[in-house]
Structure formats: structure tokens, C-alpha cells
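The following exercises concern the chain whose sequence and model are shown below. Each task is followed by a solution that proceeds step by step.

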Amino acid sequence: METVVSGIRSTGNLHLGNYYGAIQNFIKMQHEYNCYFFIADLHSLTTHPTPENLHNSVKQVLVEYLAAGIDPEKATIYVQSDVPEISELYLYLNMNAYLGELERSTSFKDKVRAQPDNVNAGLLTYPVLMAADIIIHKATKVPVGKDQEQHLEMARTFGNRFNRLYNNDYFPEPFAFSYGESLVKIPGLDGKGKMGKSEGEANAIFLADAPEVIRKKVMRAVTDSGPTQENQQKPQEIQNLFDLMKVVSLEETVQYYDHAYNTMSIRYGDLKKQLAEDMILATAPIREKINDIAGDAGYIRKVARLGAEKARESASKTLRDVREIIGFRSF
Ligand code: TYM
């Protein structure tokens, strides 16, 4: 059976981008593959969270994984820092990761622009840690959104380079995966790029957002003054609202508003109301479970412990092999 690995950084609440780009696939894949889904708390250290923030965010992601329907009996759910073997593999892979290629990574360049006062080495080697996460379980499929495509390419590069250096084919190649035709990119509400936490609170709809909050955020989404000709191409901010509608609404609903746009009879207020209601419906089953699960400390602890145990079993096996391949042998 093929092995699947994916993770989400512990930087707060999960949003619709995380859900439709990643978690929706996790939930399906857990029935078909040997799955490892983790909380990337080591990765989140690049922005220096306080210990309290870090702990709460890790818990929040774990709770939301469970509320969304990841089943700890089917998939291994764990916290990245509970598996120290990952950090050891990261160190080995760093020896064959080159400054030039790390500096060329789009996500690194974006981060340099976003946080010029904190360009730390962890940011630079972020894709190496991500490669270690994936190949530690010898995974071949990695369910992620479109923004992670380049990281997957780098994971293949680092795994292949290790294989070549030591003249073997120990690590299989991992590929980004989605059940749909292509990897998903969910737009935000600011009329520009993707939905994300760092793009500002109002840009993202969180799974934990109350219906009132969702309504408010959607009503404030950026629009223009309306179409000026029939059948015109939609500008980015309007296309984004339609793209969001495509993931949460019925096909008839999308067609109805598309037709209204093309015939210039659209009222953006109506479209936004409908979009907000459909988002509320789509997230309701998850939202309703979040509080119950968050209140059950015993259950959360049990899931994290069991997951760490299972993940370490797989990771330590790989590490034993890797140490042998590298030449760390006991006397
Ligand atoms: P992160 O925490 O930024 O996002 C987690 C997952 O959500 C997806 N995603 C989106 N998909 C579609 N549209 C969006 N607007 C959107 N925003 C986020 C991401 O593509 C991702 O799948 N580096 C990773 C975490 C990570 C990881 C790994 C992933 C660490 N190690 C190993 C897979 C395998 C990250 O920062 O994702």
C-alpha cells in the first residue's frame, strides 16, 4: 500500500484554503492509503511564536483535524516535534542542499519580502525540513494545495540526491496529490491572491468562524462596480468570488449567478449573501464538533500519544537504515 504524508503548520485556526486544498483529500485518502498527517510545529518556529501561542496553535490544529473527520484509527495523526527522527534526517539532508537552490525557492523569496527583519536560516532550509517530513515515511503521495508544488519538487531533488550520493534507491519519489484534475488554489476575500493567514484575518474564512463572522467577512469582500458589457471576462476580484462559490455552492447556484453576471443583472449583495450562507453550511459539521473535542483533554492527549508512537516506529526504522547507508556504524 502506498504511503501518504502531509502536514499543516501550527499558526492558528485552519481556513477554507487548508480545508479544500489539503484536509478534504486527507479524509478520503485515509480509507485508501497508509496515511501520516501531522502538525508542523517545527516549521512554525520560523516566526518565533511564544510558548503559549505555539502550544495553543498545535492543539487547535489537532482538534480541527479531528473535527474535520480525520480518524486516528485509520490515519496516524502526530505532532512533528514528537518525532525527533525528522530533525535528524533534516540535518543529513541539509548537507546536500545548496544555498543557490534554496535561495531561488519562491516561498523563501516571498518570506524575505514579508519579514525582512527575520530572514533566519530556518526559513532558508524550510524545504529541506519538509523533504525530511515526507521521505522519513518513504511516502509517494502528498496531498497539498497548489502553493506547495515547488516544495514537492525540492523534496524529490533532495531524496534523489541522497540516493545518488550513496549509490542506492532507498527513497522513493514523492508527488503532490489531489483527487481533482489539478492542485487546488482557494482565493482569499481581498480580491488579490490566495486565502491565507498571513494575508490578514479578514481575507480568510476559518473553519471555527461563527456564522455571523462569516457573513460579515464575505459582505466586506472586494468587488467592483459591476459588469459594463454582456459576457465580459470577470476581473480577478469577481472571479475569486465565483471560484469560492464553485467549492461551497451547488452547481445550479454558480450557473445562476454566472448567467446574472453575463446578462448584467447581477447584484453583488445577493451573490455575497448566498456565498456566505453556503460557506456556513459547508463548515457547520466541523464547527459544531470543534468545541466538544477541544474540551476533551484526555482524548486529545490519547490521540497525540498514540500518533507519536506509530510515527516514531516508522521514522526510526528509516533512520536506522539511513545511518547505516551513511556509514555511522557501531564498533
Ligand atoms: P500550510 O500550513 O501553509 O498549509 C497547509 C495546507 O493547506 C494548503 N493551503 C491551500 N490550498 C489551497 N488554497 C489555499 N489558499 C491554501 N492555503 C493553504 C497548503 O497547500 C497545504 O497543503 N509547508 C507546508 C506544511 C508542511 C508540509 C510538510 C506539507 C510541512 N511539512 C510535508 C506536506 C508535507 C505549509 O506551510 O503548509
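The buried residues of helix 12 are Leu271, Lys272, Leu275, Ala276, Asp278, Met279, Ile280, Thr283 and Ile290. The model is predicted, and the exercises below return to this helix after the strands.

**Exercise 1. Strands 1 and 2**

Determine in which sense strand 1 and strand 2 pair, and trace the connection between them.

*Solution.* Step 1: strand 1 spans residues 3–9, and 6 of its 7 residues are buried. Step 2: strand 1 pairs with strand 2, residues 34–40, in the parallel sense, and 7 bridges are found between them. Step 3: as a point of reference for this pairing, Gly7 is placed opposite Phe38 of strand 2. Step 4: between the two strands the chain passes through helix 1, residues 16–29, and the resulting β-α-β crossover is right-handed.

**Exercise 2. Strand 3**

Establish how strand 3 is joined to strand 2 and which way its residues point.

*Solution.* Step 1: strands 2 and 3 run parallel and are joined by 4 bridges. Step 2: Tyr36 stands opposite Thr76 of strand 3. Step 3: the chain leads from strand 2 through helix 2 to strand 3, again as a β-α-β crossover, and this crossover is right-handed. Step 4: in a regular strand, side chains alternate between the two faces of the sheet. Step 5: in strand 3, residues 76–79, Thr76 and Tyr78 point one way, while Ile77 and Val79 point the other way. All of these residues are buried.

**Exercise 3. The surroundings of the ligand**

State how many residues surround the ligand, and identify the element that gives the most to this shell.

*Solution.* Step 1: the ligand is surrounded by 26 residues, of which the closest are Arg9, Gly17, Gly21, Val144 and Gly145. Step 2: strand 1, helix 1 and helix 7 (126–135) are the elements that give two or more residues to the shell. Step 3: the most comes from strand 1, with 5 residues.

**Exercise 4. The course and packing of helix 12**

Compare the span of helix 12 with its expected value, locate its bend, and name elements that cover its buried residues.

*Solution.* Step 1: helix 12, residues 268–294, has 27 residues and reaches 37 Å from first to last C-alpha, close to the 39 Å expected at 1.5 Å a residue. Step 2: a bend of about 55° occurs at Ala284, and the proline Pro285 follows within four residues. Step 3: the cover over the buried residues of helix 12 includes helix 2 (51–68), helix 9 (211–219), helix 10 (236–248) and helix 11 (251–262).

**Exercise 5. Helix 13 and Val322**

Describe the span and packing of helix 13, then explain why Val322 counts as buried.

*Solution.* Step 1: helix 13, residues 297–326, has 30 residues and reaches 41 Å between its first and last C-alpha, close to the 44 Å expected at 1.5 Å a residue. Step 2: its buried residues are Val303, Gly307, Ala308, Ala311, Ser314, Ala315 and Val322. Step 3: the buried residues of helix 13 pack against strand 2, helix 2, strand 3 and helix 3 (84–94). Step 4: Val322 counts as buried because it has 21 C-beta neighbours inside 10 Å, where the cut-off is 20 or more. Step 5: leaving aside residues up to four places away in sequence, Val322 touches Leu89 and Tyr92. Step 6: Val322 and Tyr166 are 156 residues apart in sequence, and their C-alpha atoms are 9.9 Å apart. Step 7: just after helix 13, Gly327 has a positive phi of about 115°.

**Exercise 6. Positive phi at His48 and Lys138**

Locate His48 and Lys138, and classify each as buried, partly exposed or exposed.

*Solution.* Step 1: His48 lies in the loop between strand 2 and helix 2, and its phi is near 55°, a positive value in a residue other than glycine. Step 2: His48 is exposed because 12 other C-beta atoms lie within 10 Å, and 12 or fewer is the cut-off for that class. Step 3: Lys138 occurs in the loop between helix 7 and strand 4 (141–143). Although not a glycine, Lys138 has a positive phi of about 55°. Step 4: with 19 other C-beta atoms within 10 Å, Lys138 is partly exposed.

Definitions and conventions: Residues are numbered from 1 along each chain as its sequence is written. This is a predicted model: local features need pLDDT of at least 70, side-chain atom pairs count only at pLDDT 80 or more; totals for chains, interfaces and linings use all residues. Two strands pair if DSSP finds at least two bridges between them. A crossover is right-handed if, with the strands pointing away from the viewer, the path from the first strand over the helix to the second runs clockwise. The expected span of a helix is 1.5 Å times one less than its number of residues. The bend at a residue is the angle between axes fitted to the seven residues ending there and the seven starting there. Two residues are in contact if their C-beta atoms, placed from the backbone, lie within 7 Å. A residue is near a molecule or strand if its C-beta atom, placed from the backbone, lies within 6 Å of it.
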